[in-house]
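Hi everyone, thanks for making time today. I'd like to walk you through one structure and a few of its side-chain contacts, so let me put it up on the screen.

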Amino acid sequence: MRYLILSDIHANFEALTAVLHHARRKRYSKILFLGDAVGYGASPNQVMEWLASLGSQVVIVRGNHDRVCAGLDSAEYFNRYARQAADWTHDHLESRHLERLRSLPTGPTRIEPGLLICHGSPVDEDAYVFSAHDALAAFQLVEEKVILFGHTHVPSAFIASEGDGRHMVQVRLLSGKRTVLDLNGANRYLINPGSVGQPRDRDPRAAYAIYDHEIRRLYQYRVPYRIDLARRKIRQAGLPPVLGDRLLYGA
Ligand code: ZN
């Protein structure tokens, strides 16, 4: 099956709209959303409304910001700006969206044989997979060959191969307007499609991917969007201005 892979929208409706427009003629049967629908951005209700409209076309795992913004956990381990945004989001979400946010399933979720999705790492939605070392630990927790994850906001692929009885992990950053990654059936993969609404790899364009599990091919894309609008909405909402400014730099 062919999937549209989205992660870390963070209430940035302008970025989401641009991504959906870019993907409109691409074939896919389902959307896999890897968590963090809200938090940071000024449009949590629009993003939740869109998710609700998808019905069974989307499979979602919640993110750590979804959990905190829903009021299921305290924001004490968030930095000051993330905490302010979480409080703002909780206060501004319509009750039906807040309810939905509270009921989002915790990952990991198996999509089909050999394919798993999660937010952070396969057993911890708060864990970051940044390095080969993190990836090796994550690979040991599950047996799927392909694991799609979010949370770091950095489009990347960690490729595990076995040589001389030892596991080796190769790290590949997925940068540029369009990247094609052909997966080798002998290897295992941890792949992050990047963040739709708050990229952090110094490329401010929205990130997403299309993945075909049948032919094991991933297409990763970057899409320009109206950052000025998203930034203005953040300021007008009374959210910390730095949350809008960082969108300009993809940081
Ligand atoms: Zn996130």
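Let's start with the rings: there are four aromatic pairs in this structure. Do keep in mind as we go that this is a predicted model.

One of the pairs brings Phe149 together with Phe158. Their ring centres are 6.3 Å apart and the planes make an angle of 45°, which gives a tilted pair. Are these two rings buried or exposed? Phe149 is buried, at a relative accessible area of 0%, and Phe158 is buried as well, at 1%.

Another of the pairs is Tyr208 with Tyr221. Here the centres lie 5.2 Å apart and the planes meet at 25°, so this pair counts as stacked; the cut-off for stacking is under 30 degrees. Where do the two tyrosines sit along the chain? Tyr208 belongs to strand 11, residues 206-212, while Tyr221 belongs to strand 12, residues 217-223. That puts them 13 residues apart, and the pair links distant parts of the chain. Both Tyr208 and Tyr221 are buried.

While we're on rings, have a look at Tyr40. The charged end of Arg246 sits over the Tyr40 ring, 5.6 Å from the ring centre.

Now to the metal. Which residues coordinate the zinc ion? They are Asp8 and Asp36, each through OD, and His10 and His153, each through NE2, at 2.1 to 2.3 Å. If you like to read a site off the sequence, the donors follow the spacing D-x1-H-x25-D-x116-H. As for geometry, the angles among the four donor atoms run from 84 to 178°, and the site is irregular. A tetrahedral site would need all angles between 85 and 135 degrees, so this range rules that out.

Two of those donors are worth placing on the fold. His10 is in the loop between strand 1 (2-6) and helix 1 (13-22). Asp36 is in the loop between strand 2 (30-33) and helix 2 (44-54), and the two donors are 26 residues apart. Both His10 and Asp36 are buried.

Last topic: cysteines. How many disulfides does the structure hold? Zero. For Cys69, the nearest cysteine sulfur is that of Cys118, 20 Å away. A disulfide needs the sulfurs within 2.5 Å, so that distance leaves them unpaired. Cys69 is buried at 0% relative accessibility, and Cys118 is buried too, at 1%.

That's my tour, and I'm happy to go back to any of these sites.

Conventions
Residues numbered from 1 in each chain as written. Predicted model: local features only at pLDDT ≥ 70, side-chain atom pairs only at ≥ 80, totals over all residues. Heavy atoms only, no water. Phe/Tyr/Trp six-rings, centres within 6.5 Å; stacked < 30°, edge-to-face > 60°. Buried < 20%, exposed > 50% of the residue type's maximum accessible area, 1.4 Å probe, protein only. Helix = DSSP H or I, 4+ residues; strand = E, 2+ residues; numbered from the N terminus. Lys NZ or Arg CZ within 6 Å of the ring centre and 35° of its normal. Donors = N, O, S within 2.8 Å, 3.2 Å for Na, K, Ca; no water. Tetrahedral: all angles 85-135°; square planar, octahedral: opposite > 155°, others 65-115°.
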